[in-house]
Amino acid sequence: MDTLHVQKATTKEELEKVFAIRKIVFVDEQNCPPELEWENEDVSTHFLALSDHHPCGACRWRKTEKGYKLERFAVLKDFRGQGIGRALIATALDDLPSDAGYIYLNAQLDAMSLYAKFGFVAEGEQFEEAGIQHFKMVKKV
């Protein structure tokens with residue numbers, strides 16, 4: 001059984017691993033424009049998932065004018081379906097300040113059921129972001 005660990009990425013080396021995972025998933029696989037992928041890095045709290053000490057997933061959260069936004073959930077193709085996405089979401093949610101009232105994210109359609117398991121509910125109309133269809137989802141308490 002692989003050991004799965006999600007940690008806050010704070011060192012330059014850890015952040016480079018986070019960005020490498022996001023480049024593979026978003027820029028290379030999903031053809032997201034690189035200039036859209038690399039924004040708000042300095043105001044975000046980043047996380048790195050490790051499976052048997054191998055970098056395999058990443059995400060981040062940041063405070064916005066509306067509340068707290070979870071973003072950039074990425075799991076490398078060879079590691080999908082192993083609970084890494086769930087571990088990333090749980091860790092990011094646990095890390096939010098205790099007074100975080102409004103928590104939201106923009107979910108790609110195929111990830112909506114995963115976020116729903118954590119109490120996120122779709123709001124508003126479907127929209128396109130970086131050429132991919134999304135729904136805004138808000139965490140209900």
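Author: Two strands count as paired if DSSP finds at least two bridges between them. With that in hand, let's look at this predicted model.

Reader: How do you know that strand β6 and β7 pair?

Author: β6 (residues 120-129) and β7 are joined in the antiparallel sense over seven bridges. At least two are needed, so with seven bridges these strands pair. In this region, E123 stands opposite K136 in β7. The two strands also form a hairpin, with two residues between them. A130 in that turn has a positive phi of about 55 degrees.

Reader: And what makes strand β5 and strand β7 a pair?

Author: The test is again at least two bridges, and β5 (residues 103-108) and β7 (residues 132-139) have five, so they pair too. Their sense is antiparallel, and the bridge partner of Y104 in β7 is V138.

Reader: Let's move to the helix. Why is V25 called buried?

Author: Buried means under 20% relative accessible area, and V25 has 4%, so the name fits. V25 lies in helix α1 (residues 12-29), whose buried residues also include V18, I21 and F26.

Reader: Which residues does V25 touch, not counting those up to four places away in sequence?

Author: They are Q30, A74, V75, L76 and R80. A74 is 49 residues from V25 along the chain, yet their C-alpha atoms are separated by 6.2 Å.

Reader: What makes the 24 Å reach of α1 close to the span expected?

Author: The expected span is 1.5 Å times one less than the number of residues. For the 18 residues of α1 that gives 26 Å, so 24 Å is close. The helix also has a kink of about 30 degrees, centred on K23.

Note on methods
Residues are numbered from 1 along each chain as its sequence is written. This is a predicted model: local features need pLDDT of at least 70, side-chain atom pairs count only at pLDDT 80 or more; totals for chains, interfaces and linings use all residues. Side-chain values use heavy atoms; hydrogens and water are left out. Helices (H or I, at least four residues) and strands (E, at least two) are DSSP runs, numbered from the N terminus. Buried means under 20% relative accessible area, exposed over 50%, partly exposed in between (1.4 Å probe, protein chains only). Contact means heavy atoms within 4.5 Å. The bend at a residue is the angle between axes fitted to the seven residues ending there and the seven starting there.
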